[in-house]
Each structure stands twice: as C-alpha cells, then as structure tokens.
Amino acid sequence: MQRSKNLAFTFLLGAVLVGGALGFTADRVLSNDRSANDSRIKLYDQLELNAAQRTTFDSILDDRHRKFNEVLKPVRPQMDSVREKARDAMRTALDAEQLSRFEDILRSQRRSSERREND
C-alpha cells in the first residue's frame with residue numbers, strides 16, 4: 001500500500017514539475033509581442049548582422065515559434081481555462097473603476113493576439 005502511495009506521489013510531483021515547465025514556456029511563447037520584436041532587433045544590432053543574416057535569423061525564429069505553437073496546441077485549452085479562472089479571481093478583487101480598466105487591458109491584449117495570429 002505504501003509503495004502505491006509513493007508511486008502516486010512521484011507521478012503527481014512529476015506532473016506538477018512538467019506542468020510548471022510547460023506553463024513557463026507557454027507563457028514566454030504566448031506573450032510573444034512587441035517586446036519579442038524589440039529583443040530580436042536588439043540581438044541583431046548587438047551581433048551587427050547584415051540584412052541577409054537578419055533574414056536567416058527571422059526564418060529560424062519564426063520556425064521555432066511555429067513549432068512551439070504545435071507543441072502547445074494540445075494543452076492550449078487547459079491553459080486558457082487556467083488563465084480564465086485566474087482572471088475571474090482577479091476580477092473579484094477589483095473595484096468598479098479598476099474592473100473597467102482591467103477589461104480594457106484584456107480587450108487590447110486579445111486584439112494584439114488576434115493580429116499576431118493573422119500575420
């Protein structure tokens with residue numbers, strides 16, 4: 001009986017660690033906004049890349065982004081659910097004015113995300 005509990009605990013701990021790592025990675029991938037572009041430009045400038053090298057780097061990084069999205073596709077609904085539950089909890093802590101601003105921020109984020117998906 002004790003062995004079964006230990007095995008279950010080990011499995012649970014592994015799932016939590018993998019979930020945490022995946023969540024961290026997903027957060028980085030899904031928040032790929034203007035700051036990611038700024039980071040690319042900064043990197044390119046620091047390396048003093050010429051136009052052809054920048055094009056090559058863009059292709060490599062875009063391919064990486066597509067692959068990350070494919071890896072995350074199966075868990076995206078779960079991530080969305082976790083995000084919405086957290087947002088619901090945040091909403092309960094806000095007054096009316098803060099809630100209005102929060103909803104404006106979320107709308108802006110959705111528009112930015114939709115533009116990125118359509119690019």
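**Salt bridges and one ring pair in a five-helix model**

Let me start with one residue: Arg91, at 22% relative accessibility, counts as partly exposed. For that word the range runs between buried, under 20% relative accessible area, and exposed, over 50%, with a 1.4 Å probe and protein chains only. What we have here is a predicted model, in which local features need pLDDT of at least 70 and side-chain atom pairs count only at pLDDT 80 or more, while totals for chains, interfaces and linings use all residues. Residues are numbered from 1 along each chain as its sequence is written, and side-chain values use heavy atoms, with hydrogens and water left out.

First, the overall layout. The protein has 5 helices and 0 strands, and along the sequence this reads α-α-α-α-α. Helices (H or I, at least four residues) and strands (E, at least two) are DSSP runs, numbered from the N terminus. Of the 119 residues, 11% count as buried.

Back to Arg91. What does Arg91 form with Asp88? A salt bridge, with the closest N and O atoms 2.9 Å apart. The term means a side-chain nitrogen of Lys or Arg within 4 Å of a carboxyl oxygen of Asp or Glu. Both residues sit in helix α4, residues 76–92, and being 3 residues apart they are separated by about one helical turn. Asp88 is also partly exposed, at 41%.

Helix α5 has a salt bridge too. The side chains of Arg107 and Asp104 meet at 2.3 Å, N to O. Helix α5 covers residues 96–118, and these two are 3 residues apart in that helix, so about one helical turn separates them. Arg107 has 37% relative accessibility and is partly exposed; Asp104, at 40%, is partly exposed as well.

Now a bridge between helices. Arg40 forms a salt bridge with Asp62, the closest N and O atoms being 3.0 Å apart. Arg40 lies in helix α2 (residues 34–47) and Asp62 in helix α3 (residues 51–72), so the pair ties together parts that are 22 residues apart in sequence. Arg40 is buried, at 18%, whereas Asp62 is partly exposed, at 35%. Asp58 comes in here as well: Arg40, Asp58 and Asp62 are linked in a network of salt bridges. In total, the structure holds 12 salt bridges.

On to the rings. How many aromatic pairs does a search of the whole structure find? The search finds 1. This is Tyr44 with Phe57, edge-to-face, 5.8 Å centre to centre and 90 degrees between the planes. Tyr44 is in helix α2 and Phe57 in helix α3, 13 residues apart, and the pair links distant parts of the chain. Rings of Phe, Tyr and Trp (its six-membered ring) pair if their centres lie within 6.5 Å; planes under 30 degrees apart count as stacked, over 60 as edge-to-face and the rest as tilted. Tyr44 is buried, with a relative accessible area of 4%, and Phe57 is partly exposed, with 29%.

Last, the surface. Arg110, Arg111, Arg115 and Arg116 form a positive surface patch. Patch residues have over 30% relative accessible area and no salt bridge, and like charges are joined within 9 Å, with the place of an Arg charge taken as CZ. Lys and Arg count as positive, and the areas come from the Shrake-Rupley method with a 1.4 Å probe. Of the patch residues, Arg115 lies in helix α5.

How values were computed: Patch = residues over 30% accessible without salt bridge, like charges linked within 9 Å, V, L, I, M, F, W, Y side chains within 5 Å.
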